[in-house]
Each structure stands twice: as structure tokens, then as C-alpha cells.
Amino acid sequence: ARCLFAANSCLAAEQCSAGVGYAVMRVLRLGRLGKLLRAFPDIYKQVTAIGKSLGAVGALMTLILLFLLIFTILGMNVFGGAMTMEFDAGQLMRGADVYVELPF
């Protein structure tokens, strides 16, 4: 009974004596949220629309990360080793302008 009372304050399943019981309580809590959403149809429509759009958002994020990787590799091949000027940490901490001249 003590574990069920403290289920909301447990950060990890190992903190409770019954880790499986803690997981069951989390599933039941999610079910309660779904039941609450069905009571409000407008909010339920919004949540389902967000859920349906998560696949497209995931695909977009994958595409953005792919472009980031491609331009990172391209930038290292074009500019790799070109900006090797040593900076004075004191100058940077004071906010001085530091310009790097590319050797082209």
C-alpha cells in the first residue's frame, strides 16, 4: 500500500518494492487521461490531430537532420583546417571582435 501511495513521487521503478506494480499504475493513469479526453470532444479532436501529424513532423525532422549532416560534411571538406587561428581567451571573454581571415 505504501508503494501505491508513493507512486506519484517515485522517479524510478527501482525505488518501489514492486516495479511491475508501478508500471501497471502508470498505464492505468494514461487510461484515465484518455477517459478524461473523451469527456471533452473538442480537446479530443485536437489531441488526435496532433497525434496524426507526429509522423509528418518526424519525417521533417529526419530530413532536416540529414541536410545538417550533409552540409556539415561538405563544410568540413571545404573549410576544414582553414580556420586555425589561435584565440586569446581573455579577448573573447571581454567581447572583443575576433575576425578570422580565410587563406584563399
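**A kinked helix and its aromatic pair**

Modeller: In this predicted model, helix 3 carries a kink of about 35 degrees, with Leu54 at its centre.

Biologist: Good place to start! How far does helix 3 reach from its first C-alpha to its last?

Modeller: Helix 3 covers residues 41-79, which gives it 39 residues. At 1.5 Å a residue, a span of 57 Å is expected. The computed reach is close to that, at 55 Å.

Biologist: Thanks! What kind of aromatic pair do Phe67 and Phe71 form, stacked or edge-to-face?

Modeller: The structure holds one aromatic pair. The ring centres of Phe67 and Phe71 are 6.5 Å apart, and their planes meet at 20 degrees. Planes under 30 degrees apart count as stacked, so the pair of Phe67 and Phe71 is stacked.

Biologist: And where do Phe67 and Phe71 lie?

Modeller: The two residues are four apart in the sequence, about one turn of the helix. Both belong to helix 3.

Biologist: Which of the two counts as exposed, Phe67 or Phe71?

Modeller: The cut-off for exposed is over 50% relative accessible area. Phe67 has 44%, so Phe67 counts as partly exposed. With 52%, the exposed residue is Phe71.

Biologist: Let's zoom out. What pattern does the chain follow along the sequence?

Modeller: The chain has four helices and zero strands. Read along the sequence, that gives α-α-α-α.

Biologist: Last one: how much of the accessible surface belongs to carbon and sulfur atoms?

Modeller: Of the chain's 104 residues, 7% count as buried. The accessible surface comes to about 9,300 Å². The share belonging to carbon and sulfur atoms is 69%.

Definitions and conventions: Residues are numbered from 1 along each chain as its sequence is written. This is a predicted model: local features need pLDDT of at least 70, side-chain atom pairs count only at pLDDT 80 or more; totals for chains, interfaces and linings use all residues. Side-chain values use heavy atoms; hydrogens and water are left out. Rings of Phe, Tyr and Trp (its six-membered ring) pair if their centres lie within 6.5 Å; planes under 30 degrees apart count as stacked, over 60 as edge-to-face and the rest as tilted. Buried means under 20% relative accessible area, exposed over 50%, partly exposed in between (1.4 Å probe, protein chains only). The expected span of a helix is 1.5 Å times one less than its number of residues. The bend at a residue is the angle between axes fitted to the seven residues ending there and the seven starting there. Accessible areas come from the Shrake-Rupley method with a 1.4 Å probe; for residues, only the protein chains shown count as cover.
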